[in-house]
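Q: Please take one pocket of this model and examine its lining closely. I would then like the account to proceed from there to the other spaces in the model and to the residues that bear on them.

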Amino acid sequence: MCTEGCAGEFTPATTHYRCPRCAGLLEVRHELAALPEAAVWREIVRTRTFGGEWPHLSGVWRLHEWVMPWVSRAQVVSLGEGGSPLVPAGRYGAAIGARSLWIKQCGSGHTGSFKDLGMTVLVSAVKQMIAEGREVRAMVCASTGDTSAALAAYGAAAGIPVIVVLPAGKISSAQLLQPRAHGAMVVALETDFDGCMRVVERLAREPALYLANSLNCLRIEGQKTIAWEIVAQRGGVVPAWVLVPGGNLGNVSALAKGFLELLALGWIDRLPRLVCCQAERAAPLYEAFVRAKAAGRALRSEDYRPVQAGTTAASAIQIGAPVSLPKAVAGLNACGGVVAAASEAALAAAAARADQAGFYVCPQTAAALACAEQLVADRTIGAEEEVVVISTAHGLKFGEFKAQVAAENQAVSVSSEPEAAVAAIHRLLDAKR
Ligand SMILES: *Cc1c(COP(=O)(O)O)cnc(C)c1O
Ligand SMILES: [Zn+2]
């Protein structure tokens, strides 16, 4: 369904990435009335979660009817995504003055980022299309990070070839390893990310190639399950605030869609307020939000101007022209939205504080935590209010950032003679006091 006014409707099997009539963004519309009522549905999901049949043990596919009923169970490609822990922020929350702060660990999944939630849906949909007789020779995306890792993993699980298009020379070996390990075709172009995107959009016009970038609205359907999980894990309580890092703005749109549909279905009785958290150096939505505020009215897509994204440690949100901007604006306005931005120093400090309270946050999550700190400090968020921060990736994927955060805490070399080692360690403990 077109989201930009022309009201065009298409079935999932027709491969459109944008509206063929007006080039607007598309989104999946569900027959919500066809779903069971809230109490019945809750019981179905509970049964599936504890001892259900594969793939209902997946956090995404236990919600199959809400996510993508058009895909039959036999075509689902799942690697056990979703069902990530919701963890009280404990000593970190206390340190920043938020008494009910929770972290939703969406980066603890299979490929180490929340991208799995959307990719399981997209790849399953492609497998369904193939079963219905469509020819798909390969799925293709432009990405240097988490999207290519997820597409390569799910493509390998499905036995569908994957092409990953990357800018030559701008890729670290760590970013290359996951797609290479999964056997994806990794193509390096002498250009930047936007140049790669142009080639990929052209490739996707080839009838046998399928585009997996976040322009593809099927991924949103998997990502919206984060909203359900938060509410279910809190026993039905809707948090006052949900904060999420935003780059291309697909995930904040997915959260808004999730909460709005849960409200329409009667599963929840109110909405949380959403906060989209950007890095100051790549903050086109934040700048639009500031313009709207100065004009004394709600955020509009017209407030937005693309920016040249500066280099930020939060590389997965280093995007100056977000594809899903109109959807994010609509979603934020429906959910009392706020947009915030974090400086490099603030996000590094937030990461250090969180890690020293036992977390191991990626730089994107650190940006969201820094925004939480700001909003608690200026009392936008009350100290007693329930807050959930979405952690988007595992810290282990961002070694260089971690080396910077932990720079002050170097390993100490001590003697290997046991008595001398014990004496040295006592001296170190005393010095810490
Ligand atoms: C993709 C990604 C984001 C940004 O999500 P959008 O949907 O593009 O806003 C944030 N953090 C991590 C770790 C990501 O991989
Ligand atoms: Zn349209």
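A: In this predicted model, the lining of the second largest pocket consists of 14 nonpolar, six polar and five charged residues. These belong to a set of 25 lining residues, and those nearest the centre of the pocket are F10, T11, P12, V28 and R29. The space inside the second largest pocket amounts to about 560 Å³.

One of the residues nearest that centre, V28, also takes part in a polar contact through its main chain: its backbone oxygen is reached by the side chain of K257 at 2.8 Å. K257 belongs to helix α10, which covers residues 250–264. The relative accessible area of K257 is 9%, and because this is under 20%, the residue counts as buried. A lysine side chain that is buried is therefore paired here with a backbone oxygen at 2.8 Å.

Helix α10 (residues 250–264) also leads to the ligand, since N251 falls within its range and is among the residues closest to ligand 1. The shell around ligand 1 holds 14 residues, and the closest also include K115, D146, G247 and T392. By class, this shell has five nonpolar, seven polar and two charged residues. Three polar approaches to ligand 1 can be specified. K115 places a polar side-chain atom 2.7 Å from an oxygen atom of the ligand. At G247 the backbone supplies the partner, with a polar atom 2.8 Å from an oxygen atom of ligand 1. At T392 an N or O atom of the side chain lies 2.8 Å from a nitrogen atom of the ligand. Of the 380 Å² that ligand 1 exposes when taken alone, the protein buries 94%.

The enclosed space can be treated next. The count gives one cavity of 30 Å³ or more, and the largest cavity contains about 90 Å³. Its lining is made up of 14 residues, with E81, G82, S84, C106 and L117 closest to its centre. In terms of class, four of the lining residues are nonpolar, seven are polar and three are charged. Helices α4 (115–131) and α9 (225–233) each contribute at least two residues to this lining, and α9 gives the most, with three. K115, one of the residues closest to ligand 1, stands at the start of the range of α4 (115–131).

Beside the cavity lining, S78 merits attention through its link to E81. S78 is situated in the loop between α2 (64–67) and β1 (86–88). With a relative accessible area of 12%, S78 is buried, because that value is under 20%. Its side chain makes a polar contact of 2.7 Å with the side chain of E81, a residue among those closest to the centre of the largest cavity. A polar side-chain atom of S78 also lies 3.1 Å from the backbone nitrogen of G80.

A further loop residue provides a contrast in exposure. E385, in the loop between α14 (363–377) and β10 (386–391), is partly exposed, with a relative accessible area of 29%. E385 and R99 are separated by 286 residues in sequence, while their C-alpha atoms are 7.5 Å apart in space.

Terms used:
Residues are numbered from 1 along each chain as its sequence is written. Chains are lettered from A and ligands numbered from 1 in the order in which they are written. This is a predicted model: local features need pLDDT of at least 70, side-chain atom pairs count only at pLDDT 80 or more; totals for chains, interfaces and linings use all residues. Side-chain values use heavy atoms; hydrogens and water are left out. A residue is near a molecule or strand if one of its heavy atoms lies within 4 Å of it. A polar contact is a pair of N or O atoms within 3.5 Å; within protein, one must be able to donate a hydrogen and the other to accept it, and residues adjacent in sequence count only if both atoms are side-chain atoms. Accessible areas come from the Shrake-Rupley method with a 1.4 Å probe; for residues, only the protein chains shown count as cover. Ala, Val, Leu, Ile, Met, Phe, Trp, Tyr, Cys and Pro count as nonpolar, Asp, Glu, Lys and Arg as charged, and the others, Gly among them, as polar. On a 1 Å grid over the protein atoms alone, a cavity is a set of points where a 1.4 Å probe fits but cannot get out, and a pocket is an open set with protein on both sides within 12 Å along at least five of seven lines; lining residues have an atom within 4 Å of a point. Grid points are joined across faces, edges and corners, and a volume is the space filled by probe spheres set on the points. Helices (H or I, at least four residues) and strands (E, at least two) are DSSP runs, numbered from the N terminus. Buried means under 20% relative accessible area, exposed over 50%, partly exposed in between (1.4 Å probe, protein chains only).
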